[in-house]
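I wanted to look at the packing and the enclosed spaces of this model before going back to the bench. These are my notes, in the order in which I looked things up.

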Amino acid sequence: MKLLKIETINLEMRQEHFNCENMDKYLLLIFLMMWIGCQSPRKNTELALLDSLENLEIPQPNISDEQINAIINQIPAPIELSAMMKKSGAGYNKNYLNDPDKYSYYNTSFEQALNLGIYGADLGYSNLYEENQQSILYVGAIKELVDELRIGQFFNFETIERLAEKRDLDSLILLTTQDFNEVNEYFQEQQRSGLSVLMITGGWIESLFIANQVYENNLENTELKETIGEQKIVLEKILELLAHFRESNEDFNRLYSEMESLMNIYNEVVIETTRGDPSYEEVEGVLVASDNSTTIIHINDETIEKIQSVCTRIRDGFIS
Amino acid sequence: MDLLAKEYMMNKFLLKFSILVFIIFLTGMHVYAQCENNTQTRECISKIQNGFIYVKSFPIDGKNGLKEKVEYSYVMTRDTQYYLNLCTPENDADGIIITIYDSERNPVSTNYADGRFFLALIFQCNATGIYYISYTFDGSKNYCAGSTLAFKK
């Protein structure tokens, strides 16, 4: 009888224990569900995209992603160079740009990312000159490449085309710049900054190529000549980026060598800066500071011809 | 024995439940304290002064005061005006000081002058080179903001 009672107690204890264990499991499940529920819905999409991006062979840099991203953020947007060309009074010339129908030539993610940067620069240039029909063609080419690179979700092509048709220049430039920035941020977040580096390199080479073409037809424009010369600072940054990828990938290594050959010519350019204290004034609630430093760019005609020649060779290699 | 065992199991369950509730509470606190500056960044884009072209957004997250400064760098070009604004949940500068330094770390522009914080600054760049855009905190409540860079030739 006593034995039976002990058995019953043990059974009850096991049942209680089983119930408590189940309770624990339920609690854990509730906690997990709450935690998953708190995650941003974008994360799931990002995970799916990350899976698809893993199929793209992109090398990893030999320094931290934070360091790479910091350098990437230093590179000026191609539209700054385009704005300088427009300010110089030079007219629009679509013959300077890459053919928007050539997107199908670019089959690897390496080529696609480089030419995405090139088409992005062409789009910015066309937008600035309000060449809306050309802009629409470049939007089409970009759409094809971003679909191949599986980043189409960052571009609202319907809105971009509508803005181009309406000639809403400010909104168009703003939206396309934002979209390209988001793509860059996304690549950086996903440890795919190699693709950002390629986009930046392509965009910069295209802007430099356009500047060279504009200068060739405006040889008296010393401001434009000096602008081409001071691109040495940007090229130094691009080489710094590429250097961190060249060891892990042969395509990056070749690209680095090409850009290095351009740097060898740029080493003939001397940039002389004289420092001066800034002065301040308040204008309509905004603090305006004028930097009283100055820069003198020393670049001769022979150097600029060599820059034009090497830049054209590199760019031809990218777009063909 | 029966009651003791039940009480023991119940206490064990309550202890685990309390720990879980505490973890959930902490997680909630963490989410609450996170700097979600996308709204401020978007707001800043819409506030760019007419005539300037947007180039970049800079999120500012001082990690509730754990970070002394947030810094970005950018190659600025001479004969260009750069516009830099600041947007916070407080709709004022919230003690955030923007300082632009040249490549030799000389300060060349700020949004803080004569004891006043400005929500935007314009920097007339006359020397091409790397510039450091630094955000520091002086009595900030949120340590969280958005900022955008735009230019005009």
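The entries below go through the nonpolar cores, one helix, and then the cavities and pockets.

**Entry 1, the cores.** I noted at the outset that this is a predicted model. I then asked which residues of the largest nonpolar core touch the most other members. Of its 119 residues, I found that these are A:M259 and A:L262 in chain A, together with B:M76 and B:Y135 in chain B. Looking at where this core comes from, I saw that helix α9 of chain A, residues 193–216, gives the largest share, with 13 residues. I also listed a second, separate core of 10 residues, and A:V288, B:I48, B:F52 and B:I122 are among them.

**Entry 2, around A:M259.** I followed up A:M259 and left out residues up to four places away in sequence. With that restriction, A:M259 touches A:T201, A:W204 and A:I205, then A:L235, A:I238, A:L239 and A:L242, and also A:I314.

**Entry 3, helix α10 of chain A.** I looked up which residues of this helix, spanning 222–230, are buried, and the list reads A:L224, A:K225, A:T227, A:I228, A:G229 and A:E230. At the N-terminal end of α10(A) I found A:N221 as the cap, with a side-chain oxygen 3.2 Å from the backbone nitrogen of A:E223.

**Entry 4, the largest cavity.** How many cavities of 30 Å³ or more are there? The count comes to 3, and the largest has a volume of about 550 Å³. I counted 32 residues in the lining of this largest cavity, with A:P76, A:A77, A:P78, A:I79 and A:F180 nearest its centre. In chain A, α4 (78–87), α5 (109–128), α8 (169–189) and α9 each supply at least two lining residues, and β1 (53–61) of chain B does so too. By class, I wrote down 16 nonpolar, 13 polar and 3 charged residues for this lining.

**Entry 5, the second largest pocket.** I turned next to the second largest pocket, which holds about 310 Å³ of space. Its lining has 14 residues, and A:D170, A:L174, B:I48, B:F52 and B:I53 lie nearest the centre. I checked which elements give two or more residues here, and they are α8 of chain A with α2 (38–46) and β1 of chain B. The most comes from α8(A), with 5 residues. I recorded the classes of this lining as 7 nonpolar, 6 polar and 1 charged. Going back over my lists, I noticed that B:I48 and B:F52, which I had entered for the second core, appear again beside the centre of this pocket.

Technical notes. Residues numbered from 1 in each chain as written. Chains lettered and ligands numbered in written order. Predicted model: local features only at pLDDT ≥ 70, side-chain atom pairs only at ≥ 80, totals over all residues. Heavy atoms only, no water. Buried < 20%, exposed > 50% of the residue type's maximum accessible area, 1.4 Å probe, protein only. Helix = DSSP H or I, 4+ residues; strand = E, 2+ residues; numbered from the N terminus. Polar contact = N/O pair within 3.5 Å; in protein donor to acceptor, adjacent residues only side chain to side chain. Core = buried A, V, L, I, M, F, W, Y, C linked by side-chain atoms within 4.5 Å. Contact = heavy atoms within 4.5 Å. 1 Å grid on protein atoms, 1.4 Å probe; cavity = no way out; pocket = protein on both sides within 12 Å on 5 of 7 lines; lining within 4 Å. Points joined across faces, edges and corners; volume = space filled by probe spheres on them. Nonpolar A, V, L, I, M, F, W, Y, C, P; charged D, E, K, R; others polar.
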